[in-house]
Amino acid sequence: MTYCSTPGKVIIFGEHAVLYGEPAIAVAINRRFHCDITESNRDITTVNGYPLARRYHSYIVECLNKLEVEDELEIKTETELASGTGMGSSAAITVAILGALRKLLGEDLSEETIAKDAFSVEFDVQGNASPIDTSTSTHGKAIMVSEKKEKNFLWKIEREGRIWNIHHRDIPDLTFVVGNTGVHSPTPPLVEKVRKFYERSNFAKEIIDDIGEIVEESYILLKEDDLEGLGELMDKNHGLLSILGVSHPKLESLVKGARKYSYGAKLTGAGGGGSMIALTDRPEEVAKEIKKRGGKPYILKSTERGISYEGKDHD
Ligand code: MEV
């Protein structure tokens, strides 16, 4: 039996713009996805006792195809990352399944190999994606993705003429509250909506450029632990994402409420519903306000831990 667990992530700056050559930063969080994989003595592969089916297990099916696994397996999963909450559940599933499969098959377990395969699986399932979620779930800590290669470079990922250089970032310990709107909002249609806007409008291109500038401004603030400065940039980044058309009235309400007790707040991930994130040292008050406004709060901390093969008790 092989066990693997991976952290979720939150994007603190640069979602959507990262698909157009701009940089972005994501932080691994202390909520994880866990899986156990064993060879099965039955003639079908099962996931938590149910037959593997593309309709329900698209990421797992693609992981098995990627590694050309033909044996029947018994896969057990457990998650602390509700899907559609902007906490990177699909990336965490993909990275953990690939890690456990590689361990079972006795293959290379380098972070780079796993992160590259995980990106390719996520891209194939979603139709378009950047490697930020999958690289963060693999490496843990914080990841900065950019077109240019900079200090603390980890690996390079290329796809369809686009290049993403993946970098490690040192960050202070951060506390966040994620507020889930409860509005289900899959990523691909939002990515497509922004793409259409980007392709027909110079204004959208300027907004994407402005988001890139915010990400660059954040580097020094993260280094200096300047939470007030970071919060201001989060507010600005949120405003630009709203102009791109990926906010939602419920997101606006949660962001507004959270800001009363936070350094700053913004939507996180694809938007359109989904979740917002607040940077705060008053997490209980933010959580209460989010609940009052009909959202579901999750108090989170940044974590150093990326992919791990140590037992669940260790997590
Ligand atoms: C989704 O978590 C973030 C997006 O930028 C898409 C991606 O980077 O794959 C919207």
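## A tour of the ligand site and His34

Start by selecting Ser130 together with the ligand: an N or O atom in the Ser130 side chain sits 2.6 Å from an oxygen atom of the ligand. Keep in mind as you look around that this is a predicted model.

Next, add Asp133 to the selection. One of its polar side-chain atoms is 3.1 Å from an oxygen atom of the ligand. Then show the backbone of His16, where a polar atom lies 2.9 Å from a ligand oxygen. With these contacts on screen, turn on a surface for the protein: the ligand by itself would expose 300 Å², and the protein buries 96% of that. The space that the ligand takes up is the largest pocket.

Now widen the view to the whole shell. Besides Ser130, Asp133 and His16, select Lys9, Ile11, Glu15, Val18, Leu19, Ala129, Gly269 and Ala270, and you have the residues around the ligand. Try colouring them by class: what mix do you get around the ligand, counted as nonpolar, polar and charged? The shell holds five nonpolar residues, three polar ones and three charged ones.

For the last stop, leave the ligand and go to strand E2, which spans residues 24-39 and includes His34. Is His34 buried or exposed? His34 counts as buried because its relative accessibility is 3%, below the 20% cut-off for that class. Finally, select Glu80 as well and show both side chains: those of His34 and Glu80 make a polar contact at 2.7 Å.

Key
Residues are numbered from 1 along each chain as its sequence is written. This is a predicted model: local features need pLDDT of at least 70, side-chain atom pairs count only at pLDDT 80 or more; totals for chains, interfaces and linings use all residues. Side-chain values use heavy atoms; hydrogens and water are left out. A residue is near a molecule or strand if one of its heavy atoms lies within 4 Å of it. A polar contact is a pair of N or O atoms within 3.5 Å; within protein, one must be able to donate a hydrogen and the other to accept it, and residues adjacent in sequence count only if both atoms are side-chain atoms. Accessible areas come from the Shrake-Rupley method with a 1.4 Å probe; for residues, only the protein chains shown count as cover. On a 1 Å grid over the protein atoms alone, a cavity is a set of points where a 1.4 Å probe fits but cannot get out, and a pocket is an open set with protein on both sides within 12 Å along at least five of seven lines; lining residues have an atom within 4 Å of a point. A molecule sits in a cavity or pocket if more than half of its atoms lie within 2 Å of its grid points. Ala, Val, Leu, Ile, Met, Phe, Trp, Tyr, Cys and Pro count as nonpolar, Asp, Glu, Lys and Arg as charged, and the others, Gly among them, as polar. Helices (H or I, at least four residues) and strands (E, at least two) are DSSP runs, numbered from the N terminus. Buried means under 20% relative accessible area, exposed over 50%, partly exposed in between (1.4 Å probe, protein chains only).
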